[in-house]
Amino acid sequence: MERIPVLRMGSLLLITIQVDMHDKLALQLQDDVTERISDWGSTGVLIDISSLEIVDSFIGRMLANIAGMSRVLGAETVVVGMQPAVAITLVELGMSLTGVRTALSVEAGMELLYGNSITGSEDERTEA
Amino acid sequence: MNDLAEIISQNEDRLRTEWIRTMSSSVERADLISKAEMNEQCGSILKEIVEGVKTSGPENLSGAGWNGTRELLSSISASRARQGFSPTDVATFVLSLKQPLFVLIRDKMGKSPDQLFETVWSSTRLLDSLALITTEAYTATREELIMRQQQELLELSTPVVKLWDGILALPIIGTLDSARTQVVMESLLQAVVATNSRYAIIDITGVPTVDTLVAQHLLKTITAARLMGAECIISGVRPQIAQTIVHLGINLEDVITKAKLSDAFGLALQRSGRAVVKTAAAAAANPLSGLFGKREE
């Protein structure tokens, strides 16, 4: 069965969506991500959707769901590389993905997550 | 009905002079069109009408014989629309041919009322249809003009400028409606991708009023930019607009707003870890700066 690979990069999960998402694939991805986070103890999830050109409300909700589930499991989600057309479509659909953090590129997303995991886990905690 | 063609072609010169004379009282605009040009246009129209009546008859205006007339009238009224003639001017241009033509017909056929009526009626219908063609062409040209201007306006009014590495500015001028929001949103998002910018400043100094609809459009743009990973700052909020926003109960709490574009730019610089500093050379080159420095102390 077709699957979207979930890669491990240190404490992060890297997911690159390069095929047209259909509903089954999206549900499979939700399962995989939640399982990997609990297996590997990841603190961040980076979803690269720069090759995703078509998006519907289901995919939009899937992204919000993954972010929500990851947060429950203690990992932060960053969605990177959204195409202008996809962003416009999501806004027109009324989905602003409020709980999801975004970045322009994988690089910027990594910076965001690593910055978070470093300052968030050590510095801020020691300050507190 | 070749009588009509004959009458026109035999008396072309007289008809043309009379026509221009009738026209000159109402339509002729010496400031927009020269006498010689007018004379030439009228002459060629008359020739085409004769041709049309001869080949296809005065009733069947869609016939092949009238192609020349139709094209000629369309091009004339199109050029007049561009020159700034009013619709009345253009319609009267053809309709003022009626009087001289009827006078001519009466002179020729005054003795047989039936034939006279017949000819006058068919030429009235003919001229009316020709006037309609003229008006239609006039309107079409004007519409085309308006469409083109609208397009130009849309393109002109949405420049995205790069202020600094990673910082874009989008000065919006004029009211934001749905169509413009779409263009603004698209060009901003494209620019964000193209320049890989993290900060976008939307300057609304040139937006005359902000109502709930405009605010909603702005929020949409900001949300779309956020989805792509760029942060938007709204600047150029005038005091009255700030009041309107609060009175209308528009929720802009999740959006960073600043009064001036410079404030927003400063914030964007600060957030991207940059600062603007005065160089020592500039301070030395400008003796006044020392003066101000002392005053500050």
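Reading two chains of a predicted model

Me: Why are α3(B) and α4(B) called roughly antiparallel to each other?
Reply: In this predicted model, helix α3 (residues 35-56) of chain B and helix α4 (residues 67-83) of chain B pack at an angle of about 155°, with their axes 8 Å apart. An angle over 145 degrees counts as roughly antiparallel, and the pair is therefore described in that way. The crossing of α3(B) and α4(B) is, in addition, left-handed.

Me: What makes up the contact of α3(B) with α4(B), and how do its residues divide into nonpolar, polar and charged?
Reply: From α3(B) come B:Q41, B:S44, B:I45, B:E48, B:I49, B:E51 and B:G52, and these meet B:G68, B:T69, B:L72, B:L73 and B:I76 of α4(B). Of the residues in this contact, 5 are nonpolar, 5 are polar and 2 are charged; Glu counts as charged, which places B:E48 and B:E51 of α3(B) in that last class.

Me: Why is A:L97 called buried?
Reply: A residue is buried if 20 or more other C-beta atoms lie within 10 Å of its own, and A:L97 has 21 of them, so it is classed as buried. A:L97 sits in the loop between α3 and β5 of chain A, and its phi is near 45°, a positive value in a residue other than glycine.

Me: And what makes B:N196 partly exposed?
Reply: B:N196 has 15 C-beta neighbours inside 10 Å, whereas 20 or more would make a residue buried and 12 or fewer would make it exposed; B:N196 therefore counts as partly exposed. B:N196 belongs to the loop between α8 (178-195) and β3 (199-206) of chain B, and although it is not a glycine, its phi is positive, at about 55°.

Me: How do you know that strand β1 (residues 6-9) and strand β2 (residues 12-16) of chain A pair?
Reply: Two strands pair if at least two bridges are found between them, and β1(A) and β2(A) share 4 bridges in the antiparallel sense. A:V6, for instance, has A:I15 in β2(A) as its bridge partner. The two strands form a hairpin with 2 residues between them, and A:G10 in the turn has a positive phi of about 60°.

Me: What makes β1 (161-164) and β5 (256-257) of chain B edge strands?
Reply: The 5 strands of the open sheet follow the order β1-β2-β3-β4-β5 (chain B), with mixed pairing, and β1(B) and β5(B) each pair on one side only. The partner of β1(B) is strand β2 (residues 167-173) of chain B, to which 3 bridges join it in an antiparallel run, and B:V161 has its bridge partner B:A169 in β2(B).

Me: Which helices lie against the strands of chain B, and at what angle?
Reply: α8(B) packs on the sheet, touching β1, β2 and β3 of chain B, and its direction makes about 165° with that of β2(B). Helix α9 (residues 212-228) of chain B lies across β3 and β4 (231-235) of chain B, running at about 150° to β4(B). Since angles over 145 degrees count as roughly antiparallel, that term applies to α8(B) against β2(B) and to α9(B) against β4(B).

Me: How many residues does each chain give to the contact between chain A and chain B?
Reply: The contact takes 14 residues from chain A and 15 residues from chain B. On the side of chain A, the largest share, 5 residues, comes from α3(A), and the residues of that side divide into 11 nonpolar, 3 polar and no charged.

Notes
Residues numbered from 1 in each chain as written. Chains lettered and ligands numbered in written order. Predicted model: local features only at pLDDT ≥ 70, side-chain atom pairs only at ≥ 80, totals over all residues. Contact = placed C-beta atoms within 7 Å. Axes fitted to C-alpha atoms, helices over the stretch in contact; angles between N-to-C directions. Parallel < 35°, antiparallel > 145°, perpendicular 65-115°, else oblique. Left-handed = near helix turned anticlockwise from the far one by under 90°.
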